[in-house]
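Colleague: I'm new to this one, so could you walk me through it?

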Amino acid sequence: MTTRFTRLAGAALVAGLGMASLAACGDGGAAAGSGKDTGSGGGGGAKKIALLLPESKTTRYESFDRPLFEQAIKSSCSDCQIIYSNADQDASKQQQQAEAALTQGANVLVLDPVDGKAAAAVVNNAKSQGVPVVAYDRFIDGADYYVSFDNETVGKLQAQTLVDLLKKGGKSSGNLVMINGSPTDPNAADFKKGAHSVIDGSGYKVAAEYDTPDWSPDKAQQWMESQITAVKSGLVGVYAANDGTAGGAITALKGGGVTPLPPVTGQDAELAAIQRIIAGDQSMTIYKPIKPEAEAAAKAALALANKKKPESTKDVKGVASTILDPIAVTKDKVKDTVVKDGFYKVEEICSGTFAKACSAAGLS
């Protein structure tokens with residue numbers, strides 16, 4: 001994945017948040033032995049930065065967030081140590097991982113929580129030991145800093161794109177189903193709120209709605225299968241909160257003989273979703289440029305580890321924050337978003353059976 005990351009164009013995405021590379025300090029051992037601080041802000045030598053991610057079912061975390069964050073840290077602090085853990089959607093496991101990171105001497109925790117409410121205990125424990133916490137992608141009460149996207153806007157973009165596509169197709173009324181995210185993810189509540197703010201006054205009826213445990217594509221598929229008989233005749237669209245649940249819904253719709261497929265939303269710009277969009281099975285996704293998010297989190301983590309105040313663009317519930325803008329991606333915008341930014345190469349998207357659809361879409 002390293003080749004992809006070096007191609008990602010992030011400089012124009014977040015003004016003022018680029019990582020400032022510090023003077024080279026040789027290999028890790030040499031820098032540590034010199035006593036020279038290679039973090040941002042000076043004082044205290046190399047730092048230990050803990051990155052605690054929530055799960056791996058969503059491909060972004062292992063494929064993008066982790067390596068981009070690690071790259072951003074190392075570019076400014078070559079001898080900083082990164083303590084990495086993935087909780088596999090287990091809040092108790094994540095709490096144990098946080099405790100282990102603190103035991104290992106972490107100077108700051110960068111935490112994307114499995115359960116936003118349960119993560120408050122992690123924050124309290126860290127603070128009792130003088131260790132600051134950066135809430136990454138998902139908000140945590142009491143965190144020292146928060147980096148994410150405007151999550152209500154994500155839901156609004158998803159729902160507005162769905163409504164626009166339906167009206168463009170001549171359908172001004174009908175039934176929708178909503179497949180929301182995990183009830184333990186605070187972002188999922190924001191996506192849902194944003195989506196309802198558009199859908200509730202749109203003239204379309206929400207015939208059935210589901211909060212998907214653990215963001216599980218399998219559970220989304222099973223639920224959609226259970227609803228098809230009841231909603232099939234009047235179904236005009238599916239709001240799916242992310243690409244995993246969208247994939248599950250589409251599999252269920254195809255298996256249930258729903259033709260043509262109604263418009264289905266998504267989020268995260270996963271490769272499989274981009275391919276479904278090119279093929280016409282999924283209508284849109286939300287692209288959240290992860291490079292500037294990871295870089296902003298790394299910059300904040302290094303500042304906090306060195307007892308400095310990170311730059312912020314906004315205050316969210318009393319927490320200094322960097323909030324980035326999401327982008328709606330339909331078939332006609334794939335080339336100017338994920339391809340232009342180097343998130344995916346054309347040959348990755350257009351491999352195998354997708355070559356013909358790519359050619360028809362002008363993506364070649």
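Below is a short chat about the cores, the backbone, two helices and a pocket.

Modeller: Before you ask, this is a predicted model, where local features need pLDDT of at least 70, side-chain atom pairs count only at pLDDT 80 or more, and totals for chains, interfaces and linings use all residues. Residues are numbered from 1 along each chain as its sequence is written, and side-chain values use heavy atoms, with hydrogens and water left out.

Colleague: Which helix gives the most to the largest nonpolar core?

Modeller: A nonpolar core here is a set of buried Ala, Val, Leu, Ile, Met, Phe, Trp, Tyr and Cys residues joined through side-chain atoms within 4.5 Å; buried means under 20% relative accessible area, exposed over 50%, partly exposed in between, with a 1.4 Å probe and protein chains only. The largest one has 43 residues, and those touching the most other members are Ile-49, Phe-69, Val-110, Val-334, Val-338 and Ile-349. Helices (H or I, at least four residues) and strands (E, at least two) are DSSP runs numbered from the N terminus. With ten residues, the top contributor to this core is helix α11 (residues 290-305).

Colleague: How many residues are in the second, separate core?

Modeller: Leu-52, Phe-139, Ile-140 and Val-316 are included in it. The count for that second core is 23 residues.

Colleague: Where is the cis peptide bond?

Modeller: Most peptide bonds are trans, so a cis one is worth a look. Pro-260 takes part in it and sits in the loop between α9 (243-255) and α10 (271-279). With omega at about -10 degrees, the bond joins Thr-259 and Pro-260.

Colleague: Is Trp-215, with its positive phi, buried or exposed?

Modeller: Phi of Trp-215 is near 55 degrees, though Trp-215 is not a glycine. You'll find Trp-215 in the loop between β7 (205-211) and α8 (217-231). Its relative accessible area is 5%, so Trp-215 counts as buried.

Colleague: What is the relative accessible area of Asp-268?

Modeller: Asp-268 also has a positive phi, about 105 degrees, and lies in the loop between α9 and α10. Asp-268 is buried, with a relative accessible area of 12%.

Colleague: What separates the C-alpha atoms of Ala-72 and Lys-291?

Modeller: Ala-72 is in helix α3, which runs over residues 60-76 and has 17 residues. Ala-72 is buried, because its relative accessible area is 4%. Although Ala-72 and Lys-291 are 219 residues apart along the chain, their C-alpha atoms are separated by 8.9 Å.

Colleague: Which residue with a positive phi follows α6?

Modeller: α6 has 18 residues, and its buried ones include Val-154, Gly-155 and Leu-162. Those buried residues pack against several elements, among them β5, α7 and β8 (235-240). After α6, with phi near 85 degrees, comes Gly-170.

Colleague: Which element gives the most to the lining of the largest pocket?

Modeller: On a 1 Å grid over the protein atoms alone, a pocket is an open set of points where a 1.4 Å probe fits, with protein on both sides within 12 Å along at least five of seven lines, and lining residues have an atom within 4 Å of a point. The largest pocket holds about 620 Å³ of space and is lined by 29 residues, with Phe-139, Pro-186, Asn-187, Asp-190 and Lys-317 nearest its centre. Elements giving two or more residues are β5 (145-149), α6 (151-168), α7 (186-199) and β10 (314-316). With six residues, the one giving the most is α7.

How values were computed. Grid points are joined across faces, edges and corners, and a volume is the space filled by probe spheres set on the points. The expected span of a helix is 1.5 Å times one less than its number of residues. Contact means heavy atoms within 4.5 Å.
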